[in-house]
Amino acid sequence: MLLQISGGITAARGFRAGGYGAYALVTCGLPAVCSGVYGRNRIVSAPEKWSSFLTEQYDTAQAVFLSGSIAGTAVGEEGYALAVQMAETVAAAVGVPSEKVLLAATGEAGVLFSMEESGEAAKNLAQELSGEESGSYAAMQALSAHGEGAEIAVEFDVGDKKVRLGGICRCGKPLILLTTDLAISKEMLDRALRADAEETFFMAMPDGARAGDCVLCLASGVAGNKRITDEDGAYSAFCAALRHVTAFLAKRAASGKRLLEVTVQNAADKQVAAVLARAGAASVPLRMAAGANTADWTSLLYAFGETDAPFDPDLIDVSLRSTAGSVQLVRSGRALFPAGIETVFDTGAVTFVADIKNGNASATAWSDFIE
């Protein structure tokens, strides 16, 4: 059974967190199995380069230092040298080797670290970390611009053990941090996170991948379950919990105040569905129209048509849905011009559903309204 609980990243046992200014620090009392998935932009931030090296070469980490809305995504040799220096500074403050410190940042690419400011933040945070819910909230606030962040935690069963998984993100920026007390091998954590990211993290980038985009996950193993080393029932339970948490965070990482969702149904295969959904969610005209409470289905189809994904425009159905109602906009390629579209927009999130009628695969992508 999956139960949503409070606590964010400190709900998982073994973790402490805190925020100071635009910086956040999360630590684990023992080496935690680590994994990371990173954005697919060739412009790689220094923190991302450092963390990707560690999550590829090492099995465990004990700390994550996050830079919020200011300097921290420097690129190039100088930026990487500063990232190494920052990891060493955090390591000294926490009392672990530098190769146990992951880094992440949401600042502008090319902006160098302020070592004096970030170093002071790391030292202060190391003394103020909390394993309570307040620690997770402080970290989320530091990571987020103007307090626009999100956190979530769940508890689920693995055998006879209760396992917890939590996460935080910055709204409008695909940077997600996950913690769990699950006992799991490095190989299986990597497998779960990478598979999940294809349907959540990589579907939440309406403006394309940018330097610093990443999902980092630490697993302390203190829940006491039998260590997961294969794709068994315990692994499936974890993947289900992971999907619940990451889908929640991905939606918020993609959007600001209002969420635009594009779901493609009955496509030829999963890849086709994903390509079309991402194209629709990235459409600026569609997002601008949504900001004006207008269902611009033509821009959705134009976005589909700019891809190489196969579909027949004479077969497609398009509907607009929200918690306020549902209307069909297109039936077999023909516009219907229904009444009541405005009422569907009377909510914080709307979904365009496109039925391709060419298979049984589906995918969903997320973006924000442009207002």
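This passage describes one cavity and one pocket in a predicted model. Local features need pLDDT of at least 70, side-chain atom pairs count only at pLDDT 80 or more, and totals for chains, interfaces and linings use all residues. Residues are numbered from 1 along each chain as its sequence is written, and side-chain values use heavy atoms, without hydrogens and water.

One cavity of 30 Å³ or more is present (a set of points on a 1 Å grid over the protein atoms alone where a 1.4 Å probe fits but cannot get out). The largest cavity has a volume of about 40 Å³ (the space filled by probe spheres set on the points, joined across faces, edges and corners). Its lining (residues with an atom within 4 Å of a point) consists of Tyr23, Pro47, Phe65, Leu66, Ser67, Leu103, Ala104 and Phe113. Two or more of these residues come from each of β4 (60–67) and β5 (101–105) (strands are DSSP runs of E, at least two residues, numbered from the N terminus). The most come from β4, with three. Seven lining residues are nonpolar (Ala, Val, Leu, Ile, Met, Phe, Trp, Tyr, Cys and Pro), one is polar and none is charged (Asp, Glu, Lys and Arg), with the others, Gly among them, counted as polar.

The second largest pocket (an open set with protein on both sides within 12 Å along at least five of seven lines) holds about 250 Å³ of space. It is lined by 14 residues; Glu198, Glu199, Met203, Lys270 and Ala363 are the closest to its centre. At least two lining residues each come from α5 (186–199), α6 (233–254), α7 (270–282) and β15 (361–368) (helices are DSSP runs of H or I, at least four residues). The lining of this pocket comprises five nonpolar, four polar and five charged residues.
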